[in-house]
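User: Please give me a close look at a single part of this model, after a short stop elsewhere. Keep it brisk.

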Amino acid sequence: MIFYAPNGQRRPIRLSQETRQFAYDSLNRKYGLETQKTPAVALDDTKNFETLTPIEKYDLAISKIAREAPVRVCRGELISGAATLGSAIHHSVPATYRSEAIYTGVSHLTIDFETVLRHGVGYIRGSAEQSLKKHLGSEREPFLRSCLNCLDAFEVWHRRYLSALENIPDYERNYKNLQRVPFEPASNFYEAVQSIWFTFAFVRLCGNWPGIGRIDWLLGDFLKKDLRDGNLTLDEAREILAHFFIKGCEWICGESSFGNGSGDAQHYQNILLGGIDENGIDVTNEVTYLVLDILEELGIGDFPTTVRLNSQTDEKLLRRVSEVMRYGGGILAVYNEELIIQALLKDGYNLSEARKFANDGCWEVQIPGKTYFTYIPFDSLQILQRQTLDSYKNSIDYSDFEALYSRYVNDLKKKIEAILHDKQRLFTESGVNTAVWKWKPQIPCTVVSLFEQGCIEKGVSYFEGGPVYNICSPHIGGLADTVNSLYTIKKLVFDERRLTLREFLKVLKNNWDGEEALRMYVINHYSFYGNDSDEADLLAARLLNDFADICNGIDGKCGYRFPAGVSTFGRQLEWAPDRLASPHGKKAGDILAANCSPTPGSDREGATAIIRSYCKADLSRLATGSALDVKLLPASVSGEDGLQSLISLMRGFVKLGGFFMQPDVVDAQILREAQEHPENYQTLSVRVSGWNARFVTLSREWQNMVIEQNEH
Amino acid sequence: MNTKTDTQLTVTEIQRFCMHDGPGIRTTVFLKGCPLRCAWCHNPETQKRERELLFYSNKCIGCGQCVKICLNDAHSFNGNHTLDREKCTACGDCAKSCCSAALEICGKQYTIANLLYVLEKDRAFYGDTGGITLSGGEPFAQGCSAVTLLQACKETGLSTAIETSGYFDPSLLEAAVQYTDLFLWDIKDTDDSRHIRYTGVTNIKILNNLKLASDLGAKIRLRCILVNGVNTDREHYRNISDIANSLSKCEGVELLPYHAFGGTKAVFLGLADNGKKEWIPTEQQLGTAKNILHSYGIKVL
């Protein structure tokens, strides 16, 4: 029973043999394959189904899911509840009518576990009942009735588990622990873990993919009290918490969640550790370290975990983070919370709210349990190629670099405005370019709305402006490639005057055909973004600044907050076929840069230079985030020197004003072996972007991209 | 006292984000020139003190620009690119014009001011543990200039380390110890006749310098290359232990198993590939070395 570590080191053993076996079975697809067997409940025998309103259909589905989803109690599990319908793995509400899924699920949100733990789901019911009284007879009544229907369904599902547990021998402890929660407030650590898990499992069962948020902050006080009162030992607590992580592997089935080759570990169930609370006090506690122990021992990458760092972060925590990080698998990433809180303040949040930030189940920052979030990715390189350079038509010319650049920023602005107009068309009744933002009805999403503050109070769903904050964040992609393209044109055409813009565009139009010497010159003689070379880096900083200005200009003029962000996730792959040859020596169809990272192959100075390049931009203007991927070789972080280096790397990242960094310790050679012999590497996880994927479940194309990113 | 920041040094490479040239994250400056000629040399481009032209044949796309630009007719094409090193004066004109960076000048002149500019860049990452490392070659082959660089770094608050063969003018040591936080001191072989055979010089000077450095209060890590069949005997490990135990501030010993990458670098210089697979030590040999050092109370880093 080996829990694979990409750095080749043996993982420590702290958990019981039974728990390790449970983890091993879960990671090796036992429960995922079982879940796939029952994809969904069928609504076909519903009378007059077609005449029902969307929300009536939804309520019917949730109620049926709660009544019919298989109940699964795993051998030896310490906490219970399981999301056992296979369509949920693929982001659908697992209910069909005439074999068609009726609704899609909701993701990119971290729900309000705080209220669940401290007040109980019963409290949420009370709020819904009150709100219904207030809104009786109004257009909000159907949503609030749906809230109560979904809560009824939740209770039905809860009762089914209780009666199952009551009847299986040896599960008395589970039964007792599930009796009160999640409907009443949790009274100890064990109940608290069960409460979060059961709520999470129900929301997932209904087809949604919520994040977990700040688990150490949520659970810390419960554990502290239990330890103090002698009700629990640390070892017992670790065992219980480990089951939370292991249960979270119940969807591992070896298949891509989206059917696009992007891997099977991508359900956005992200976790945050450490950082300060709303009063500025460090939340790090025993739970923080237990989570790190569990990740270290089991190597579970299904809960991508990010640690909030600041300049005062305790050496002990940083050391422990580094120890776990260097096993590889990209399981841990880091936020610089000082910069992020500053970014959220600039974006209009108050201080105590900003300090509560978690993420959306990926790495984009949001206030948990209060935020509707959507991001709109776009390829900045294609804007340069198609609009600014008119796909390299011969008629294009600019007198100097500034003329070219300002045209590009203008084209960027048009793109951002188009994003806003799309949203207006889809989400409002008022149409494009109007000052009034009147939400129009969207598909039902009551289950997540229960756990998003604002929805019940207003009587409005998650998709229709219910949450306290509503975010639509344009995400610029292809940043490094756009910057390097602009930089090359500036150097080659306007500074060195080696050829005219028209001549150069002709070379590009012909995909560098017959111009290998020129292409080599560009590749080898220019210092691109990511090499700590000011000329290219400051162009990146300038572009991000102009992008943030454009988004800020829209902020406040619509129903959304409109913060800027940077990402590609894996889209550099899907964009590749639509990209022409680029000025920075790239040919048509090449796979280019990820997130805020340099163009593959263009960085020659190592990780510190990449971080310095990235930090030259004012990242506090990009409130939803900007991710930097850093790949490290196992050998480079081995030994005490290596550990110190990893700690220093993170300290430097904070000091220089980074936002989010995902270091992965992996050797391209190992990945190639895994490609040839997947059977030996079933549990090898790699950081793809905001998530980890089991490498062997990625398609060949994705695998190659990950390998390429790891080669230097 | 202000250091002379216009002092010049000949540098083959400045490498940032080094994690194994001393503690923490470091920027390593490789200085050109070495009095030793180790048979297993990993950095043959740092042996000669003079500028040299490196040619990476794998990068050459055959554009022929170097032929046009060279005033000494050192480059020619007959099917393949050939470089006549007799004619080459390492002026560097061809390297500047080489689009694919297949030609590169090894050994650029830097003033200390220029070096400090580069060394400063990663200050945020050095933290309490990292800093700068002088390596080579033998850094002290550039004499007082190397010491001046160490001094200049200390004056700006950068932590310093030096990787040395130990074979240098002892009169440099007093100042060097003052400005160096850690010496990474090579012990290639404790058997002098083998030392002479495989490195071209005696180890007596090296061991005398080591003692002197220790007496002056230097903090030292010993670095011992292990070459299978050359110095993988127990006697050598015991001698290393004795030396380590005789030092006043010894952090421990690093064992560096021989690898064959130095060989390819020699090819870029127009030399024969000196890489020998049979020299790579076995895991067992490494284990034995570690055990013996441990049995003498030596920390193996």
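Analyst: Helices (H or I, at least four residues) and strands (E, at least two) are DSSP runs, numbered from the N terminus. The model is predicted: local features need pLDDT of at least 70, side-chain atom pairs need 80 or more, and totals for chains, interfaces and linings use all residues. Residues count from 1 along each chain as written, chains are lettered from A and ligands numbered from 1 in written order, and side-chain values use heavy atoms, without hydrogens or water.

The short stop is C88(B). It sits in the loop joining β5 (80–83) and α2 (93–97) of chain B. C88(B) is partly exposed, because its relative accessibility is 24% (buried is under 20%, exposed over 50%, partly exposed in between; 1.4 Å probe, protein chains only). Beyond neighbours within four places in sequence, C88(B) touches L53(B) and A74(B) (contact: heavy atoms within 4.5 Å). F30(B) lies 58 residues from C88(B) in sequence and 23 Å away, C-alpha to C-alpha.

Now the helix, α5 of chain A. It runs over residues 121–135, 15 in number. First to last C-alpha, α5(A) spans 21 Å, close to the 21 Å expected at 1.5 Å a residue. Its buried residues are V121(A), I124(A), R125(A), A128(A), S131(A), L132(A) and H135(A). Down the axis of α5(A), they fall within an arc of 130 degrees, so they line one face. The cover over these buried residues includes α4 (113–119), α6 (141–167) and α18 (455–458) of chain A. Turned away from the buried side are the exposed Q130(A), K133(A) and K134(A). After α5(A) comes G137(A), with a positive phi near 80 degrees.

Note on methods
The expected span of a helix is 1.5 Å times one less than its number of residues. The arc is that of the directions from the helix axis to the C-beta atoms.
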